[in-house]
Amino acid sequence: MGEGVDARFNSKLREAFGSTPFILTKFDKFMNWVRGSSMFMLQFGIACCSIEMMHTYAVKHDLDRFGAGVPRASPRQADVIIVPGTIVSKFAPRMKRVYDQMPEPKFVVGMGSCTISGGPFQEGYNVIKGAEEVIPVDIHVPGCPPRPEALVYGVAKLQERVANGETSPVTVKPYELEQFGDLDRDELVQHLASQIDEEDLVMRYNWAESP
Ligand code: SF4
């Protein structure tokens, strides 16, 4: 360590590299690694998928811990736009304008069936049959809506691809999502759930006996 530098500047990475102040690598490889390791998101909610996206940013799933997060309502510093929902024809040009305002290189994660193909509203006269018609999509995360785990997986996949310098679009496959699995169930929620008396539930509906 140089003069005037104290132990606070030590880190696990510093220890791993030892005392050398140099790392030899290819510049492109380094830049891709940096891009993949620190992705700034555009805060951009359209429809019901956005609720799952908010959940992905929130405490339980906490997308930030993967080096991708910090959603801001400005395209100026954003690397990634997650498109979470139904795109109607009146909205599409606005979405394109926001996308155009993002600096290069920029990436798009399409979240949910609506963003991929129009989803349940595909037959709607005013519904765009997929974000791909308006802007290029890098990662497709299927589902209606995809769970937060699926979106975390999709973003992690994007990071991996960016870090490796890969650019072709990818659809995250259901079996991959299965492998990624669910987070452990919260103990407190489990405990509370076990105390619920079904007779006390307010919402009950018996389809079999309904008129
Ligand atoms: S895919 Fe499903 S949850 Fe997502 S915006 Fe469309 S209808 Fe809503």
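**Chatting through the sheet, a helix and the ligand shell**

Reader: Starting with Met-111, what stands opposite it in E5?

Author: In this predicted model, Met-111 stands opposite Val-141 of E5. The two strands involved, E4 (residues 107-111) and E5 (residues 139-141), pair in the parallel sense over three bridges.

Reader: OK, and which strands form the open sheet, in what order?

Author: Six strands form it, and the order is E2-E1-E3-E4-E5-E6, with parallel pairing. E2 (68-72) and E6 (170-171) stand at the edges with a single partner strand each, so one side of each has no neighbour in the sheet.

Reader: How do strands of a sheet pair in general, through what kind of bonds?

Author: Through backbone hydrogen bonds, in either a parallel or an antiparallel way.

Reader: Let's zoom in on E3. Which strands does E3 pair with, E1 for a start?

Author: E1 (residues 39-42) pairs with E3 in the parallel sense over two bridges, and Leu-42 has Ile-81 of E3 as its bridge partner. E3 also pairs with E4, again in the parallel sense, over four bridges. There, the bridge partner of Ile-82 is Val-109 in E4. To get from E3 to E4 the chain crosses through helix H4 (residues 92-101), and this β-α-β crossover is right-handed.

Reader: And the E3 side chains, are they buried or exposed?

Author: Val-80, Ile-81, Ile-82 and Val-83 are all buried. Val-80 and Ile-82 point one way from the strand, while Ile-81 and Val-83 point the other way. That fits the general pattern: side chains in a regular strand alternate between the two faces of the sheet.

Reader: Switching to helices. Which residues of H3 are buried?

Author: In H3 (residues 49-57), the buried ones are Cys-49, Ser-50, Met-53, Thr-56 and Tyr-57. They cover an arc of only 105° around the axis, which puts them on the same side of H3. On the other side, Ile-51 and Met-54 are exposed.

Reader: Why would residues three or four places apart point the same way?

Author: An α-helix has 3.6 residues a turn, so residues with that spacing point the same way.

Reader: What do the buried residues of H3 pack against?

Author: They pack against strands E1, E2, E3 and E4, plus helix H6 (148-163).

Reader: Last topic: which residues surround the ligand?

Author: Ala-47, Cys-48, Cys-49, Gly-85, Thr-86, Ser-113, Cys-114, Pro-120, Phe-121, Gly-143, Cys-144 and Pro-145. Cys-49 is also one of the buried residues of H3.

Reader: How many of that shell are charged?

Author: None. The shell divides into eight nonpolar and four polar residues, with no charged ones.

Conventions:
Residues are numbered from 1 along each chain as its sequence is written. This is a predicted model: local features need pLDDT of at least 70, side-chain atom pairs count only at pLDDT 80 or more; totals for chains, interfaces and linings use all residues. Side-chain values use heavy atoms; hydrogens and water are left out. Buried means under 20% relative accessible area, exposed over 50%, partly exposed in between (1.4 Å probe, protein chains only). Two strands pair if DSSP finds at least two bridges between them. A crossover is right-handed if, with the strands pointing away from the viewer, the path from the first strand over the helix to the second runs clockwise. A residue is near a molecule or strand if one of its heavy atoms lies within 4 Å of it. Ala, Val, Leu, Ile, Met, Phe, Trp, Tyr, Cys and Pro count as nonpolar, Asp, Glu, Lys and Arg as charged, and the others, Gly among them, as polar. The arc is that of the directions from the helix axis to the C-beta atoms. Contact means heavy atoms within 4.5 Å.
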